Amino acid sequence: MLFETERPSTLKQIVGRDKEIKQIQDMIARPDGIPHILLSGKAGTGKTTAAIAIANEILGDNKKSNFFEFNASSTRGIDFIRNEIGGEIAKRRPLGGAPYKIILLDEADNITADAQMCLRRIMELNGRTTKFILTANYPFKLVTPLLSRCVQIQFDAIDTKTIANHLKRIAIKHKMVFTDQQLIQFAKMANGDMRLAINNLEGNVSSSSSEFIDKLTIASINSMERDEKINIAFSADPDYIFGKLWEIVQKEKAWDKLVPLADCNHKMNNAVHKTLFLANLLESHF
Ligand SMILES: Nc1ncnc2c1ncn2[C@@H]1O[C@H](COP(=O)(O)OP(=O)(O)O)[C@@H](O)[C@H]1O
Ligand SMILES: [Mg+2]
């Protein structure tokens with residue numbers, strides 16, 4: 001899925017979270033290391049992404065042997081917390097010169113209350129060599145003694161404009177053709193949830209491109225940014241797109257486009273990469 005391949009791996013790549021990322025970077029810079037952190041808030045806003053990025057940043061090449069990731073929706077009971085986490089992992093030394101280990105308990109609001117109390121003890125006993133990062137959509141499900149051990153950072157809904165801009169970057173990178181209006185619509189529909197927005201984008205790719213090409217006019221192409229114009233060339237079969245452009249030129253009697261079109265047609269017929277000439281036509285003659 002696109003939202004997975006487009007997951008930022010560094011804190012810097014995470015969008016719309018400037019204040020929170022700054023707060024995290026300040027914590028990373030502390031001489032005694034990060035505190036236990038709780039990333040709370042709405043789904044699809046970058047909590048898991050930020051947790052992994054923190055580990056990447058602190059552990060670098062040592063991440064493999066010092067980062068442990070669990071999703072608490074499947075490992076929620078006291079036995080797991082007491083035995084696996086407390087009895088095993090938390091006790092190990094950091095390896096390879098890493099300053100400490102990091103344990104990510106994703107969706108920690110699914111951990112049972114008695115297991116949360118147990119977790120708090122483990123945090124206290126091993127806090128110097130083991131730092132916990134918890135994520136939770138519903139932080140009020142966490143018991144107070146556990147909450148009070150963590151520095152909580154709230155991830156609210158990401159604003160529509162930030163989401164739309166991010167979608168635009170992804171669309172350009174993957175040569176998807178959408179108008180800015182469409183991207184804003186996907187962003188609005190997602191209500192601050194970036195994962196949902198990216199899914200909206202991905203789900204609309206196949207249906208959109210021919211519909212999109214059918215709606216093009218000379219004026220609409222003219223009004224596009226350079227990147228968008230070039231993207232048209234990549235949005236479907238080049239001969240199909242060329243045919244459509246020829247139709248538009250005839251329909252709108254845009255005879256000033258005849259020579260560039262004829263020239264492009266000639267080059268495309270002899271070309272291995274027809275898209276290249278089509279992109280050039282769109283970019284320099286529309
Ligand atoms: N702030 C963000 N910046 C860039 N991409 C994001 C951001 N938040 C979420 N995403 C995208 O959405 C996907 C899901 O984000 P994730 O961190 O798993 O959300 P959460 O854990 O808050 O539910 C990520 O893989 C990434 O593609
Ligand atoms: Mg998550």
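1. Let's start with the layout. The domain assignment splits the protein chain into domain 1 (2-155), domain 2 (159-203) and domain 3 (207-286). Keep in mind that this is a predicted model. The C-alpha centres of domain 1 and domain 2 are 28 Å apart. Their contact draws on 10 residues from domain 1 and 12 residues from domain 2. On the domain 1 side, the residues that touch domain 2 come out as four nonpolar, four polar and two charged.

2. Now the overall shape. The C-alpha trace of the protein chain spans about 80 × 35 × 30 Å along its principal axes. Its radius of gyration is 26 Å, whereas a compact globule of 286 residues would be near 19 Å. For a feel of that in a single pair, take I78 and D239: they sit 161 residues apart along the chain, and their C-alpha atoms are separated by 63 Å.

3. On the make-up of the fold, I'd note 16 helices and five strands in the protein chain. Buried residues account for 36% of the 286 residues. Among contacts with a separation of 6 or more, 80% are between residues 24 or more positions apart.

4. The ligand site deserves a look. There are 22 residues around ligand 1, and R7, G46, K47, T48 and T49 come nearest. Helices α1 (2-5), α3 (47-59) and α10 (194-203) each give at least two residues to the shell. By class, that shell holds eight nonpolar, eight polar and six charged residues. Which domains does the shell around ligand 1 draw at least three residues from? Domain 1 and domain 2 each supply at least that many.

5. F155 is a good residue to click on. This phenylalanine lies in strand β5 (residues 151-155). F155 counts as buried because 23 other C-beta atoms lie within 10 Å, against a cut-off of 20 or more. Setting aside neighbours within four places in sequence, F155 is in contact with R17, E20, L39, S40, G41, K42, T45, G46 and K47. Two of those partners, G46 and K47, are also among the residues that come nearest to ligand 1. As for T45, its C-alpha is 6.4 Å from that of F155, although the two are 110 residues apart in sequence.

6. Next, helix α8 (residues 160-173). Does its length fit, and why? At 1.5 Å a residue, its 14 residues should span 20 Å, and the end C-alpha atoms are indeed 20 Å apart, so the two agree. Its buried residues are I163, A164, H166, L167, K168 and A171. An α-helix has 3.6 residues a turn, so residues three or four places apart point the same way. With that in mind, look at where the buried residues of α8 go: they pack against α9 (180-190) and α10 (194-203). Just after α8, K175 takes a positive phi of about 55°.

7. Staying with α9 and α10, Q185 has its place in helix α9. Is Q185 buried or partly exposed? Q185 counts as partly exposed, since it has 16 C-beta neighbours inside 10 Å. The C-alpha atoms of Q185 and N200 are separated by 9.4 Å, with their positions 15 residues apart along the chain. The loop between α9 and α10 holds N191, whose phi is near 55°, a positive value in a residue other than glycine. N191 is partly exposed because it has 14 C-beta neighbours inside 10 Å.

8. E107 is another backbone spot to check. Its phi is also near 55°, again positive in a residue other than glycine. E107 belongs to the loop between β3 (101-106) and α6 (113-126). In burial terms E107 counts as buried, because 21 C-beta neighbours fall inside 10 Å. By contrast, N191 is partly exposed.

9. Last, a word on I78, which lies in helix α5 (residues 78-88). With 17 C-beta neighbours inside 10 Å, I78 counts as partly exposed. Apart from neighbours within four places in sequence, its contacts are T112, D114, A115 and C118.

How values were computed
Residues are numbered from 1 along each chain as its sequence is written. Chains are lettered from A and ligands numbered from 1 in the order in which they are written. This is a predicted model: local features need pLDDT of at least 70, side-chain atom pairs count only at pLDDT 80 or more; totals for chains, interfaces and linings use all residues. Helices (H or I, at least four residues) and strands (E, at least two) are DSSP runs, numbered from the N terminus. The expected span of a helix is 1.5 Å times one less than its number of residues. A residue is buried if 20 or more other C-beta atoms lie within 10 Å of its own, exposed if 12 or fewer, and partly exposed in between; C-beta atoms are placed from the backbone. Two residues are in contact if their C-beta atoms, placed from the backbone, lie within 7 Å. A residue is near a molecule or strand if its C-beta atom, placed from the backbone, lies within 6 Å of it. Ala, Val, Leu, Ile, Met, Phe, Trp, Tyr, Cys and Pro count as nonpolar, Asp, Glu, Lys and Arg as charged, and the others, Gly among them, as polar. Domain bounds come from an automatic or database domain assignment. The radius of gyration is taken over C-alpha atoms; the globule rule is 2.2 Å times the number of residues to the power 0.38.
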